[in-house]
Each structure stands twice: as structure tokens, then as C-alpha cells.
Amino acid sequence: MNADPSDPAQPPPPPDLAQVFGEMGGPPAIWNFGLLTVAGTVEGGQHMGAPAAAPGEPVESREGDIAAEQTLAAMSGFAEPDWFAEALERARSRVVFLVGEQGSGRRTAALNLLQRHTGSFALRAVDSDVELATWTLGGSGARGYLIDGLLETRTLALTSIGLDNLRRQLDRAEACLVIVLQQTTQVLAHLKGVLHVDPIRAASPSARAVLDAKLATALPDPARRRPVLAGLPAGFLDETLRRDPRPSQVVELVSEIVRVADGATDAAAISQYLSLYATDHAPELLDSVRDSPDDLALLLATCVFEHFDHTVIEEEARRLLEVAAGRLDAAPPEADTTTPAENPGFVFLRSRRERLAAIGADRGPREVRANSAYSYAVEPVAFTRHLQGRAVLDHVWREHREAGELLVEWLRQTPDTQRRADRAGFILGQFAQWSSGYRALAPLEQLAASERPGDWRMAARAFGAASADPVLATAVKNRLRGWSRAASESLRCTAALTCATEFGLARPEVALALLHTTVTARDDGSDAVESAVRRALLSLFAEPALRPRVVEALLQWSRPPGPARRTACAAVAQLLKTAATTREPGEWWSTHLLSGDAPPGAELIRSALMEPTSFDTARAAFLEWQRRAAADPRRAPVVERLTEALAPHLRGGVLRLFTDLERAAPAPGAERAGLALAQWRGAGTPQRGH
């Protein structure tokens, strides 16, 4: 993957699949560098929205198994709210309804409730559009189920008979279901009047309780904690807590206190960074530059591309001015004036530092990045205050309709470079979340219908971001189901690529089903569609918790002939190539896929070798395994074991591979390959596979 000066100044993505994604046009869309700079919502529980998050941070499960790491994260420093004990008691009835406002920490509390009640990490998420009247537990073996944000229409459709049926199923499985709901008058009336249920009012724990719990976890040594708190500005903590910050904002405060303790920031300036004041400051910041189109463009470009290099932000600000064509000018230019004015082309008009200071931002220290070809430097631009860019965009979108339309027009024309287009798509998805009406997804649908592959990727990124909203998630899912069968190549590619974003990572079973439909519904030999599906499979495989499910799907796809087999075999060949050269995926294959009496990895590799379209890549990957195994005692037994598993299937691509393995003697696997070939030559006919 070549360096792109638009790369934001964040750590590079995890290296295990970098080579694969580089060859396929870039990393999976979910690896949005600096994602939480703008996306880092201040909504959610005690474990969301800290000012920064590592690229590739796990997406919250909305369907399927909840990774134990997510539950452990929710338990870490959890501040038990006042209603928690009552909810634990209610859990004995098998179904608990939690109602409250978004941002009150409901999901964090729900995960703690399920784990505490069941004593198990076998928890499973159920998507918010589930029809509870017909939903069944199946054979998942989970002890706890979470529906986070059940749609109001689905809640109102639940009857007392349906609720009794749910309880019977859960009782047989010795499991518990927690349903998180938005608090509305209709929902409360239905719960009490129809279902005869008194829901738990899931109010946030006190800000002081969250602060104490988080500080005790982040700075467990009181001898270190006390002097840091004492060094904060007088009255700062009391004043901040009086503003009743949400749990996630308290987490951010704790993060800043830890930075003070580490010497990374000055205690006297701590209030300048907190997003708690970002919403109030947004209209003031916008008004302060409204008479300067240059500053307005720079402000909006920084809101979107925060943490990118300053040259990228300045380039995008100029592009925004061109697209705006005067729409960022507060007043039309005077045709004739006697008042002397500054020459706008004067090269020393204002320094970069002055321009950034006018919008409350600054350049970070110079950082060196490297890729496989060369190194390059970036000077990232960021707002002084966390989430200030998000707050400004939110204000602009909600309060200035024409400005919002301009932003959409500008973002849709973003140059098709991996990082910039990815960020632009994410922001378009945010706009959809902040919209109302049945046309909230219309701008994204127009991108999906485009003839440009870059627009499909941007649309997919936008749909992934929009799907974080439970209501929009249902609309996104419905569109993808239709597009997966469409005649249009662009719509099928968009559907597949969306499965590589948060949408697919949060709903892996839905994503895998959509991908299979996309590649099989119309066997028209579309290389673009098969490539998009393959890329989505690799993106899902990049999440360790999803690998067993993806492997199961690859096995199923690779057995019958057709486009699904071609796609699965090509994906396996790419995965094998990465596993041959990189330690983490190589060790995972060795442990999970190439061990046991009937290793699934052996079947996958055999299929990839037998499929003409994937043979060359699979063969090269296997030979690389053999070459490295000659000097690595950990790899040698794996190559020997895999050669033994392939030996009974000496025909086609496996036969061609074994001739290469034999010539590599005395490398691992060469002796077994030579023996198999000698038997084959002596018999005079190829052996038939089992």
C-alpha cells in the first residue's frame, strides 16, 4: 500500500492482514484512522467516546456472540447505578426491560447485569429489529441475551402471550434476556398496560460515582491519585460535575486526569480539552469566522479531516471554497469601493498558526510514518477541544440546511484516495444519523447507484456509519437485502462492501448471508462483485472473534462449484499468503485450522489449490510456508502435517504443488511429497481423493 499524505496521524492498522488488503485496494473500511475524532460520540455508556480510540477497536456486537473482551471492558471500573440491585432481582423473571435516555450508560449496565446474574460470559446480542413474537433462542447455548435499542414498533407489537413464550424459552435454557428501550410515552404505556411489566428506569449513575470508579481503576494507587487531584485548578472538579456530565464524558475527564499524572498535559489547561463544553462552543466558533470564507472553509475541512496532515486539510479547504462558489461569503463582494483593502493574494497575509488559532485548532508535533516503500512525515491538525469538530458539524447540519447541502455536495466529490474517501463516507453516514424523514439515506443511495467504484466504497462506508443508529440500521439492512439480488453491479458491490464496515462487524451472521446472496443470486461472472465479496470476507476474518464463523462459511462456500466457491477459494489463498509471512495469522492457522484429525484448514487449502483461479496464489503461499519452515522449527511441523493431509488427494493443483515441494528438498514436507509422488508414478494413475 503506498503512502497517502491524507493518512491521519494515528498508529497504523494491525499488521497481520496489511499485505492482503494492500493488494486488494486498501485496508477494510472499518479501519478508519482517527475514526473517533469525529465519530467518537459522547453518547453511550461508561466505556464509549473517550477522545481517541485505537484503529480497529472492536465494534459493539448487535447480533451474534458478544466477545468476552467487550463484557470485560464494560465491567472494568463499572459504577453501579442505584437501580442495579432491583434489576438483578428482576432478572429472576428471565426478562428485564431497561428504559432510559441514550447516553445514560444503559448498554454498559446491561452487560454487567447479564454477567452478574448468569455468572457467565456466554452472552449474545440480538438485533434491534427482531420480531419478538417469532424469535427463538435456537441452539446458541448462550446464558444471556441483549437487545440494545429495540425499535418502538417491535416493542408495541409484543403481546403478553408472546412475552410468556419468551420467558418459557429462557427458563428452559436457564438464560436471561435484557431489553434496552428508548423511554417514550407509548412504550411506557404498552409495557404497563398491555404487558403488565414495570420497567426499570435506567438513570445514569451519579457523575461522582463514575469518576470515583474510573479513577480507582485508572490510578489504583492512592498515593499517586491524591497529588494529581490536588494539583487540578481550584474548584474544577466540583464545577465540572455540577454540569451533570454523561458517563462517557466522565470517562474522558478521567483520561485527561491520567494524562496529567503522566505529564502529557498541563493540569491548568485541562478544561480546554473536555468535550463537555464542545456543544455550547460550536455556534460561537462558527459565528467568530462567519465573515471570513477562508476561515469558514478551514474550520469545516478540519471538522471532517481532523488528525490528517495540515497539507490535506488546507487542500480540502480550498476545494470546499471552489465547490461553494461564493456560498461561504457572508456578503457579496463590492463592485466599486473607495476603501483600500488588503490584497487577498499577499503571500504573507496570515501565518498558518494564526489561521488555525482562529478556529481553535493547532498542528501537532511532526510524526514519521512508514510503509513498505518509504517513510514520510505528517503534522496532524486537531482541535484543542475533544469532539469539537463533531459538535460543529452537528450544529451546522441541524441548524443550517443550505450549508448542510453544500457539505454533502463537497464530500461526495472527495478525491478517491483510500483515507480521504473513507472519512468523507463516514461523515455522510453521520449526517444520515442526524437526519429525519424517509429520505435520510437518499444521498447515500445516489452514491451507491454511481458507475464509479470509488463512490461504491464511499457509500458503503456511509451506510456502515449510519447503521449505528437502530432505526437506520433497519433501513440499511432492507436496502442491502434488495441490492444483494439486484441486476446492477454497482448496487451489489455496495452491498458487499458495506458488510466490510461496522454494519457487518456488528452483525456477522447477517453479513455472511448477504455476501453469499450477493455472489450467488446472479451468476454473471462479475469480477467486481466477486472482488467486493472477497474483500468483505477478509475484513470479517481480520476480527479474531469472528474467524471461526468466517471459516465455517468458507468451508460451506468452497464445496459446491460456482461463484461462491471461486470467491471463497480466492479469499483462502489470500489469507494463506498472509499467514505464510506474518506471525499472528500464521500461528492462528497452525492452532485452529491445521491441527486435529480432520483440520478444516487442510480442506480449505486443498480447495484453493484445486480451483484454477486461486491456484497460483495458494501455491506461492504454501511454498513460502515451506521456505520459512526450513529455518523456523515452529513452522516445520505444520508444513509436514499439512503435506500429510494433502497427500491422499494427489491430483490437479495438489499434484502440481507436490512437484514443487519435492524439488525443495531437504525443506520440510519435501520428503513426504516425494514419497507420495513416487507412489503415484509407480501406480501410473492419480490417486482419487477421499
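Visitor: Which residues are buried in α5?

Guide: In this predicted model, helix α5 covers residues 106-118 and has 13 residues, and the helix is mostly covered, with 11 of those 13 residues buried. Buried here means under 20% relative accessible area. The residues of α5 that meet this cut-off are R106, R107, T108, A109, A110, L111, N112, L113, L114, Q115 and T118.

Visitor: Which elements do the buried residues of α5 pack against?

Guide: The helix reaches 18 Å from its first C-alpha to its last, close to the 18 Å expected at 1.5 Å a residue, and just after α5 comes G119, which takes a positive phi of about 65 degrees. Along the helix, the partners of the buried residues include both helices and strands. They are α3 (68-75), α4 (84-90), β2 (95-100), β3 (123-126), β4 (144-148) and β5 (176-182).

Visitor: How many residues of α26 are buried?

Guide: Helix α26, residues 527-541, reaches 21 Å from its first C-alpha to its last, close to the 21 Å expected at 1.5 Å a residue. Its buried residues include E530, R534 and R535 as well as V529, L537 and F541. The helix is mostly covered, and of its 15 residues the number buried is 12.

Visitor: Which residues touch the most other members of the largest nonpolar core?

Guide: In soluble globular proteins, nonpolar side chains tend to be buried together. The largest nonpolar core in this model has 133 residues, and helix α28 (residues 563-581) gives the most to this core, with 10 residues. A second, separate core of 25 residues includes L163, I179, L188 and V197. Within the largest core, the residues that touch the most other members are W589 and F658.

Visitor: Which residues does F658 touch, not counting residues up to four places away in sequence?

Guide: F658 belongs to the largest nonpolar core, and a contact is counted where heavy atoms lie within 4.5 Å. Leaving out residues up to four places away in sequence, the residues that F658 touches are T643, L646, A647, L650, A673, A676 and L677.

Visitor: Which helix gives the largest share of the lining of the second largest cavity?

Guide: Rolling a probe the size of a water molecule over the atoms shows where empty space is left. The count comes to six cavities of 30 Å³ or more, and about 50 Å³ of space lies in the second largest cavity. Its lining, which includes T240, P245, Q249 and L276, divides into five nonpolar, three polar and one charged residue. The largest share of this lining, four residues, comes from helix α12 (residues 247-261).

Terms used. Residues are numbered from 1 along each chain as its sequence is written. This is a predicted model: local features need pLDDT of at least 70, side-chain atom pairs count only at pLDDT 80 or more; totals for chains, interfaces and linings use all residues. Side-chain values use heavy atoms; hydrogens and water are left out. Helices (H or I, at least four residues) and strands (E, at least two) are DSSP runs, numbered from the N terminus. The expected span of a helix is 1.5 Å times one less than its number of residues. Buried means under 20% relative accessible area, exposed over 50%, partly exposed in between (1.4 Å probe, protein chains only). On a 1 Å grid over the protein atoms alone, a cavity is a set of points where a 1.4 Å probe fits but cannot get out, and a pocket is an open set with protein on both sides within 12 Å along at least five of seven lines; lining residues have an atom within 4 Å of a point. Grid points are joined across faces, edges and corners, and a volume is the space filled by probe spheres set on the points. Ala, Val, Leu, Ile, Met, Phe, Trp, Tyr, Cys and Pro count as nonpolar, Asp, Glu, Lys and Arg as charged, and the others, Gly among them, as polar. A nonpolar core is a set of buried Ala, Val, Leu, Ile, Met, Phe, Trp, Tyr and Cys residues joined through side-chain atoms within 4.5 Å.
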